[in-house]
Amino acid sequence: MNISRNLNEVFKNIENAAIRSGRKRDDIMLIAVSKTHPVEAVFEAQKCGVNVFGENKVQELLEKYDKVPDAKWHLIGHLQRNKVKYIIDKVEMIHSLDSIELAAEINKRAEKIKKVMPVLIQINIGKEESKSGIFEEDIYSFMEGLSVFSNILVSGIMTIPPATDNKDKTREYFKRMKEIFDKIKVNNYSNFDIKYLSMGMSSDYEIAIEEGANIIRVGTGIFGSRNYSKEV
Ligand SMILES: *Cc1c(COP(=O)(O)O)cnc(C)c1O
């Protein structure tokens, strides 16, 4: 797996998509999703200038956290309340806030260590039963519920759109996310600072950027397939 070559390709694609959307390469944060890949792959990516990594499982994040100095970690997958305590001091951002109960737990744990934890609200844009996240129509009541938690900073929204080969359909979901993002930016909550729109993975990150994403989460496109060899 040639991580360096893959990354150069991804960097180039990000830059071009950013230009198409009237922005700069540096306006887009790339999260390298290292789940299932060994720390050697993370080191390799670090050598190529990437230092923000995403994991979707707490246990795996903790293992890599201990082995990789200096990297920044984002928790991008579903988070169980009883695991918040393990990661609260280790991650830069939690992308998968999907319930008030989880927010309460993050808030409680963050308060204990005198931290304010940036979180993104996960939106279930395709209303899929298999996915977690808030429905579009529930976002305002959800925001109101979050407004009492002074040790979380609600920093934006995240989604994983329904899997489809139809790029137009994917684009529609991203457009809807951008509309939600622009709408909720305007609010009076002191623990809100909406600036991140986290969407786009290996198969669709260029479309996501064109539609306004400023955080993309790319795994396969950098580290290769997760199905076969775990070797770098
Ligand atoms: C695995 C994962 C990604 C990366 O997916 P790829 O298709 O490998 O790029 C992005 N976001 C989340 C939430 C993930 O779980």
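## Meet the ligand and its surroundings

Around the ligand there are 13 residues, and the closest are K35, S202, G219, T220 and R226. Please keep in mind as you look around that this is a predicted model. The ligand sits in the largest pocket, and the points below walk you through its neighbours and then the annotated domain.

**Polar contacts to the ligand**

- Start with S202, where a polar side-chain atom lies 2.5 Å from an oxygen atom of the ligand.
- Next comes K35, with an N or O atom of its side chain 2.6 Å from a ligand oxygen atom.
- R226 also takes part, as a side-chain N or O atom of this residue is 2.8 Å from an oxygen atom of the ligand.

**How the ligand is covered**

- On its own, the ligand has 390 Å² of accessible area, and the protein covers 90% of it.
- The shell around the ligand is a mix by class: 6 residues are nonpolar, 4 are polar and 3 are charged.

**The annotated domain**

- An unreviewed UniProt entry places the feature "domain: Alanine racemase N-terminal" at residues 8-226.
- Across residues 8-226, helix makes up 39% of the chain and strand 20%.
- The C-alpha atoms at the two ends of residues 8-226 are 20 Å apart.
- R226 links the two topics: this residue is among the closest to the ligand, and the domain feature in the UniProt record ends at position 226.

Technical notes. Residues numbered from 1 in each chain as written. Predicted model: local features only at pLDDT ≥ 70, side-chain atom pairs only at ≥ 80, totals over all residues. Heavy atoms only, no water. Near = heavy atom within 4 Å. Polar contact = N/O pair within 3.5 Å; in protein donor to acceptor, adjacent residues only side chain to side chain. Areas by Shrake-Rupley, 256 points an atom, 1.4 Å probe, with all protein chains shown as cover. 1 Å grid on protein atoms, 1.4 Å probe; cavity = no way out; pocket = protein on both sides within 12 Å on 5 of 7 lines; lining within 4 Å. Sits in = over half its atoms within 2 Å of the grid points. Nonpolar A, V, L, I, M, F, W, Y, C, P; charged D, E, K, R; others polar. UniProt positions renumbered as here; feature names shortened; annotations may be inferred. Helix = DSSP H or I, 4+ residues; strand = E, 2+ residues; numbered from the N terminus.
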